[in-house]
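Okay, everyone, let's get going. I'll put the structure up and then walk you through it.

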Amino acid sequence: MDEFNALTGEIIGSAIEVHKNPGPGLLESAYEACLLWELRQKGMNVQVPVPINCKGLAIDAGYRMDFLVEDQVVVELRSVENCSPFTRHKS
C-alpha cells in the first residue's frame, strides 16, 4: 500500500506542476500532453490511450481512459473554465 500511495502522490504532484505551468486557459488536450511529458520525465510507464477490455476483446466504444500509469492507476484528466462552489445539502 505504501508503494501505491507513493505512486499516486507522484501523479498528483505532477498534475499540480502542470496546473501551475503553463497556467490556466488551455484546452484539455494541451494539459494532457503536459502531464504525459511530466510523468514520463519521472520514468513512469504510461499507456495512452487505453481502450476498454472485456473478456480479452478490445472495445473502441468512444470511451478510453486518458492514462494508465504503471499498470495500476487510471488517470482521467479534465479541464474546466471555472469550478462551481461546493454546496452542502442539508437533510
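**Starting from one pair**

Let's begin with L68: its bridge partner in strand 5 is V74. Strands here, and helices too, are DSSP runs, E for strands with at least two residues, H or I for helices with at least four, numbered from the N terminus.

Before going on, a word on what you're looking at. This is a predicted model, where local features need pLDDT of at least 70 and side-chain atom pairs count only at pLDDT 80 or more, while totals for chains, interfaces and linings use all residues. Residues are numbered from 1 along each chain as its sequence is written, and side-chain values use heavy atoms, with hydrogens and water left out.

Back to our strands. Strand 4 and strand 5 pair in the antiparallel sense, over 3 bridges; pairing takes at least two bridges found by DSSP. They belong to an open sheet of 3 strands, in the order 1-4-5, with antiparallel pairing. Strand 1 (46-47) and strand 5 stand at the edges with a single partner strand each, so one side of each has no neighbour in the sheet.

And the whole chain? It has 2 helices and 5 strands, and reading along the sequence you get α-α-β-β-β-β-β.

What does the largest nonpolar core look like? A core like that is a set of buried Ala, Val, Leu, Ile, Met, Phe, Trp, Tyr and Cys residues joined through side-chain atoms within 4.5 Å. Buried means under 20% relative accessible area, exposed over 50%, partly exposed in between, with a 1.4 Å probe and protein chains only. This one has 14 residues, and I11, L39, F67 and V69 have the most contacts inside it. Helix 1 (2-20), helix 2 (28-41), strand 4 (67-69) and strand 5 (73-75) each supply at least two of its residues, and helix 2 gives the most, with 4.

Take F67. Leaving aside neighbours within four places in sequence, its contacts (heavy atoms within 4.5 Å) include L35, L39, V48 and V74.

Now my favourite, E38, which is found in helix 2. Which side chain of opposite charge is nearest to E38? That's K42, 4.7 Å away, and E38 is buried yet has no salt bridge. A salt bridge needs a side-chain nitrogen of Lys or Arg within 4 Å of a carboxyl oxygen of Asp or Glu; Lys and Arg count as positive, Asp and Glu as negative, with His and the chain ends not counted. Beyond its neighbours within four places in sequence, E38 is in contact with S14, E17 and V18.
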